[in-house]
Amino acid sequence: MRADPQLTDDEFLLLNELIAAEIGITFPDHKRELLASRLRPRLQALRLRRYFDYYLQARYDLAGERERLAELVTNHESYFFRETEQIEALFEHALPGLRATAATPGMLRLLSAGCASGEEAYTLGLCARRRFAGVAGSTLTIDAFDVDASRVAMAQQAVYGPGALRATPAELRQRYFTPRGADRWELKPLYRAGSRFYRGNIVALETFAPAVPYDVVFCRNVLIYFSEAALHRAADHFAEVLRPGGLLLLGACESIIGLSHRFETVRLGPSIAYRRIGR
Amino acid sequence: MSAAPLPLPSEISWDGAMRLLEALPAMPLAERGAQVEMLVRNSSPGVRERVLRLGANLLPEERLAEHLRNDHDAVLRNAGLEMLKLRGARSFPLAVRLLADPEPDVVLQAVLLLDHLRDPRALEALRGVLAHPDLNVAQAAILAIGRLGDARSIPDLLPFLAADPWLQMAAVQALGDLRSRRAVADLARLLGDPVVGAIAAEALARIGGVSACRALIAFWIGQAGQLDDAALLGLLAHGLEGLPRAAVPADRPAIGRILAALRDRLAAAAPEVRAAAARCILALGPSDGDEPALAVLAAVAEEGEDARLPSVLRRRPDLAGALLRRPGTAAAWGMQLAALFPRRVAPADVLAALGGAAALSAAVRFLGRVPAAQAPAGLGPAVLRLYLELPAERRAEIVPLLRRFRVAVRGALAAVAEPPAAAAALAPAPAAPAEPVADPVDRVVLAALLGGTGGSGGSPRAVAAALERLPLAGRLAAIVQLAAHRPVMRALPWDAWLREAPEAHAAAAAEAAAASRLCELLPLLRALPPRLAEPALLRAFAELADGDAVPWLLEVLETVAVPRVRPELRPLVIESLGRIGGAAARRALAAAALDRTAESRLAYRALAACAEEEDAPLFRAAVTHSDWYVRLACAEVLGRFAAPQDVPALARLAADPVPAVAHRALSCLEG
């Protein structure tokens with residue numbers, strides 16, 4: 001048996017450059033071994049003996065490798081009812097104003113960018129259901145996309161394991177999910193209605209730009225993995241897909257301050273959001 | 001909803017800064033200095049990091065020392081310190097000189113610089129400022145001394161445990177860094193101190209040893225309920241896990257009280273407390289708390305989806321069997337423990353847990369140490385089943401086991417069923433087959449891997465014959481799995497296959513040639529028409545460094561790897577030419593480097609791999625290329641030949657804003 005290939009300095013830089021340009025994510029020096037270990041099985045499957053060969057395979061998208069690369073390097077950590085204070089704050093403090101100025105009257109359009117297996121997008125829908133009495137008469141649509149096609153497929157199937165439900169109280173688990181074998185739960189169809197999942201890439205606007213702009217964009221705990229160049233592109237792209245006055249919500253430790261002149265910070269109760277400034 | 005608009009930045013835009021950074025290597029030195037001092041004010045961390053690296057290599061030392069003295073411009077002052085840090089050991093003499101500066105802020109910067117450099121020679125100089133009248137300086141010096149790790153400094157630091165709280169905190173931390181056993185009693189007395197108690201606990205955990213652990217236990221027992229359990233128990237677990245096993249306190253009545261208190265914490269609400277209590281219980285050695293502690297530890301790990309073997313279990317090989325009998329993460333830990341301590345585990349326990357592939361590598365390591373003659377009953381079927389159930393790309397991981405226990409596995413294979421015939425396969429299948437099946441491809445591959453015994457069906461010729469009889473798709477699948485099996489690959493009728501069905505066999509032949517290093521296949525591969533070029537073929541020529549393949553590759557480059565035919569092959573051809581080298585390859589690569597297509601950078605790299613001295617002018621002319629990857633190739637080639645006229649170009653590259661380029665050029669200049 002051959003020895004495992006080793007990731008050289010040059011290969012690390014090249015792969016990082018490619019991943020940052022195509023997906024936005026960057027692997028700092030201390031995560032070099034992480035990148036190597038994520039790609040190693042793929043090299044074995046393709047019977048490639050050097051990471052440089054894999055770089056060429058992905059860079060030139062031979063046999064559609066770009067999509068597989070996205071699956072390998074993206075972080076899939078997500079769960080239902082994660083950091084719901086921010087979602088609650090949106091419905092509590094901003095929804096009436098958003099509704100009054102919606103891009104399409106009578107409709108609120110939300111986007112979950114970098115949705116992984118759909119936990120956040122579905123959580124948005126579940127939280128909206130509990131809050132929607134206050135804004136009855138509006139239709140809520142939730143679009144969600146991720147660069148990892150396999151995760152998008154999981155989101156569409158909506159079957160989850162215990163990790164995804166670790167913050168879901170037992171009572172809510174019973175109400176919203178149907179058991180499917182050992183340690184698997186399927187979100188009931190009723191609660192999946194109104195959510196649409198597709199493959200898209202935050203750093204490639206054409207993959208998720210809608211015909212009608214969104215009122216709210218959620219992109220939480222995704223940008224922390226992005227390179228600086230990709231952050232700039234992401235901020236620009238979110239500004240493109242949001243209507244003036246629309247809100248961008250990021251994770252608690254993320255910020256686009258200094259990255260774009262097209263947003264202003266606003267306070268939503270205990271949370272911070274970024275409001276799209278008019279053209 | 002209240003709105004607070006963002007301030008508009010007055011600085012150069014991010015795009016502008018990036019363009020300026022790209023242009024910096026081509027600027028005159030003086031202009032670069034001014035641009036560096038402007039760009040360090042940029043709010044972008046990426047721009048700042050790159051420009052600081054540049055300034056560290058570019059600005060003279062006196063200029064950087066002036067920045068340190070600039071108390072009107074904090075940005076420049078901080079940038080000066082950062083650049084001196086980036087200069088590494090070259091900054092040491094300056095830092096020592098600055099310790100005598102009359103300005104306390106400058107002395108403080110010098111101490112911080114020495115702290116960063118961690119040069120052992122700094123100890124004497126730092127001792128000299130321990131009594132500095134400025135508390136910030138003295139505090140930074142104490143911390144820096146601690147991080148130097150020289151035990152001779154302990155007597156200098158002990159008096160500070162009774163000093164001003166600011167210095168006291170620094171001394172506690174430093175003594176912890178120094179792992180000072182002499183300080184344990186003093187630190188233990190500080191555990192109850194509201195200001196430095198938490199730092200003292202951390203220091204004791206870092207110091208470790210029986211006395212430090214006793215101090216932490218005594219304090220925790222005495223103060224239970226009034227403390228941050230998660231932090232203190234975590235530190236205690238850390239300390240206990242660091243004790244030699246023989247040093248764990250053996251005072252059973254006392255241990256009994258501690259265990260009882262720890263077991264209470266297994267039901268704590270916070271997972272950190274539960275996990276820390278479990279670690280402490282397990283670290284204290286075998287007890288009736290083991291089972292509940294294992295259950296808690298596994299449950300907490302499963303919540304975090306972490307299957308790494310906890311350190312505490314490395315101390316407890318006696319638990320391997322119990323772990324292997326548990327499901328999920330615990331079984332994976334058991335497998336890892338079995339691999340670490342093969343003599344402490346019964347093979348039957350491992351076999352029982354072998355079903356899942358999650359801990360496969362640990363299982364392979366463990367079973368790899370079991371002598372073949374002592375293979376436990378059931379091992380052959382278990383290994384075979386694992387092999388057949390694994391996806392093809394992972395099967396190579398257990399090939400060593402197949403070979404080690406070939407007799408047992410061969411016996412098992414004879415008892416395994418063939419898959420159902422095609423017609424029967426159309427009938428509804430049971431939900432999950434009770435027994436694995438081995439299809440004809442599996443059987444041929446296994447025959448090769450298990451080998452023959454005295455002319456049986458496992459000899460290379462017999463396997464090759466069986467492989468020939470397989471339908472085309474099965475044959476190719478088997479070849480992929482056996483590509484590195486040189487005897488079998490050599491026995492195959494490649495000549496006939498490549499003549500009769502070249503499209504079908506070209507990739508498999510290339511794969512076999514590269515993996516088994518079958519140079520005799522190269523003429524057959526070179527005889528293929530260039531239109532059949534594909535990645536495996538291009539890589540095979542490169543891996544076998546086939547100089548005779550260069551004309552074939554050049555033809556592919558000109559007729560096949562072109563727009564509207566198969567442009568995706570162009571980078572692979574370029575790469576292969578670079579790995580083979582030779583005059584014709586170098587000429588083609590030089591032309592490709594200059595043609596300004598997307599593959600130009602790859603051509604520079606490929607040419608760098610095989611460049612000769614006469615190629616140096618092309619690289620000399622590219623040292624200000626806008627692509628860092630091309631500049632990296634320049635540094636590599638110009639450094640390799642080290643011609644005197646290339647020193648200015650290398651010096652320019654040594655100040656490159658991309659660290660990889662700068663490091664490569666610097667190492668060439670220094671080497």
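# Reading the contacts of chains A and B

Among the elements of chain A in this predicted model, helix H5 (residues 84-100) has the lowest mean pLDDT, 87, and strand S7 (residues 214-219) has the highest, 96.

Student: What is the average pLDDT of chain A, and what is it made of in terms of helices and strands?

Tutor: Chain A averages a pLDDT of 89, with 96% of the residues scoring at least 70, and the chain has 9 helices and 10 strands. Buried residues make up 57% of its 279 residues, and among the contacts in chain A with a separation of 6 or more, 72% are between residues 24 or more positions apart.

Student: How many residues take part where chain A is in contact with chain B, and how much area do the two chains bury?

Tutor: On the side of chain A there are 35 residues in contact with 40 residues of chain B, and between them the two chains bury about 3,400 Å², 57% of it on carbon and sulfur atoms. In chain A, the residues that lose the most area to chain B are A:Arg47, A:Tyr60 and A:Glu228, which together account for 16% of what that side buries.

Student: What makes the pair A:Arg50 and B:Glu575 a salt bridge?

Tutor: The rule asks for a side-chain nitrogen of Lys or Arg within 4 Å of a carboxyl oxygen of Asp or Glu; the closest N and O atoms of A:Arg50 and B:Glu575 are 2.6 Å apart, so the pair satisfies that cut-off. Across the interface of chain A and chain B the rule finds 6 salt bridges, and it also finds 7 residue pairs in polar contact, both residues being at pLDDT 80 or more.

Student: Which elements of chain A supply at least two residues of the side that touches chain B, and which classes do the residues of that side belong to?

Tutor: Helix H1 (9-22), helix H3 (51-59), helix H9 (228-241) and strand S9 (263-268) of chain A each supply at least two residues of that side, which by class has 16 nonpolar, 6 polar and 13 charged residues.

Student: Why is B:Arg316 called buried, while B:Asp318 is called partly exposed?

Tutor: Buried means under 20% relative accessible area, and B:Arg316, at 3%, is therefore buried; B:Asp318, with 37%, falls between that limit and the 50% above which a residue is exposed, so B:Asp318 is partly exposed. The two residues form a salt bridge, with the closest N and O atoms 2.8 Å apart.

Student: How do you know that B:Arg385 and B:Glu389 are about one turn of a helix apart, and why are both called partly exposed?

Tutor: Both lie in helix H24 (residues 379-389) of chain B, with their positions 4 residues apart in the numbering, about one turn of the helix. B:Arg385 has 29% relative accessibility and B:Glu389 has 44%; both values lie between 20% and 50%, so both residues count as partly exposed. Their side chains meet in a salt bridge of 2.9 Å, N to O.

Student: Which residues do salt bridges that share partners join into one network?

Tutor: A:Asp10, B:Glu636, B:Arg640 and B:Arg664 are joined in this way.

Student: What makes B:Glu61 and B:Arg97 a link between distant parts of the chain?

Tutor: B:Glu61 is in helix H4 (residues 61-69) of chain B and B:Arg97 is in helix H6 (residues 92-98) of chain B, 36 residues apart. Their closest N and O atoms are 3.4 Å apart, which is within 4 Å, so the pair counts as a salt bridge, and the structure holds 58 salt bridges over all chains.

Technical notes:
Residues numbered from 1 in each chain as written. Chains lettered and ligands numbered in written order. Heavy atoms only, no water. Contact = heavy atoms within 4.5 Å. Buried area = accessible area lost by both parts, 1.4 Å probe. Polar contact = N/O pair within 3.5 Å; in protein donor to acceptor, adjacent residues only side chain to side chain. Nonpolar A, V, L, I, M, F, W, Y, C, P; charged D, E, K, R; others polar. pLDDT = per-residue confidence, 0-100. Buried < 20%, exposed > 50% of the residue type's maximum accessible area, 1.4 Å probe, protein only.
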